[in-house]
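I opened my notebook to work through one chain slowly, beginning with its sheet and then turning to what packs against it.

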Amino acid sequence: MAEQRYFVLVEGGPSGRETAVFTGKQPRQAALKAASRGHGDIWLRERGSKKFHHFKGSRNKVRAPENKPDWMADHVWKPNVKKFGIQKIEKKKKGKKKRR
């Protein structure tokens, strides 16, 4: 069984500031959580790796299912995401300076 993974939401692309953390077994699951909270351009940095996952997200207000619990509202947000790719981050290598 796959483990939970942590994805950090980065506002404004890979060089932006980190604002929230979402969990999921797959990056799409974390992106759906971010989209349901109203984020449109979603950049997720995967903790423990050098990857950024880029998604575009939206949400629509739909009627709740007929078998909903009593506490649930009549209308809920339904998220939708589309993946645009993965960007891998390269570490800058420190070069040795030549002595003369």
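I looked first at the strands and found an open sheet of five in the order E2-E1-E3-E4-E5, with antiparallel pairing, where strands are DSSP runs of E with at least two residues and helices are runs of H or I with at least four, numbered from the N terminus, and where two strands pair if DSSP finds at least two bridges between them. I noted that the edge strands, each pairing on one side only, are E2 (17–24) and E5 (75–88).

I should record that this is a predicted model, in which local features need pLDDT of at least 70 and side-chain atom pairs count only at pLDDT 80 or more, while totals for chains, interfaces and linings use all residues. Residues are numbered from 1 along each chain as its sequence is written, and side-chain values use heavy atoms, with hydrogens and water left out.

I then checked one pair and saw that E3 and E4 (residues 51–63) are joined in the antiparallel sense over five bridges, and that Leu44 has His53 in E4 as its bridge partner.

Next I asked which residues make up the largest nonpolar core. I listed eleven, including Phe7, Phe22, Ala31, Ile42, Phe55 and Val81; such a core is a set of buried Ala, Val, Leu, Ile, Met, Phe, Trp, Tyr and Cys residues joined through side-chain atoms within 4.5 Å, buried meaning under 20% relative accessible area with a 1.4 Å probe, protein chains only. H1 gives the largest share of this core, four residues.

Key:
Buried < 20%, exposed > 50% of the residue type's maximum accessible area, 1.4 Å probe, protein only.
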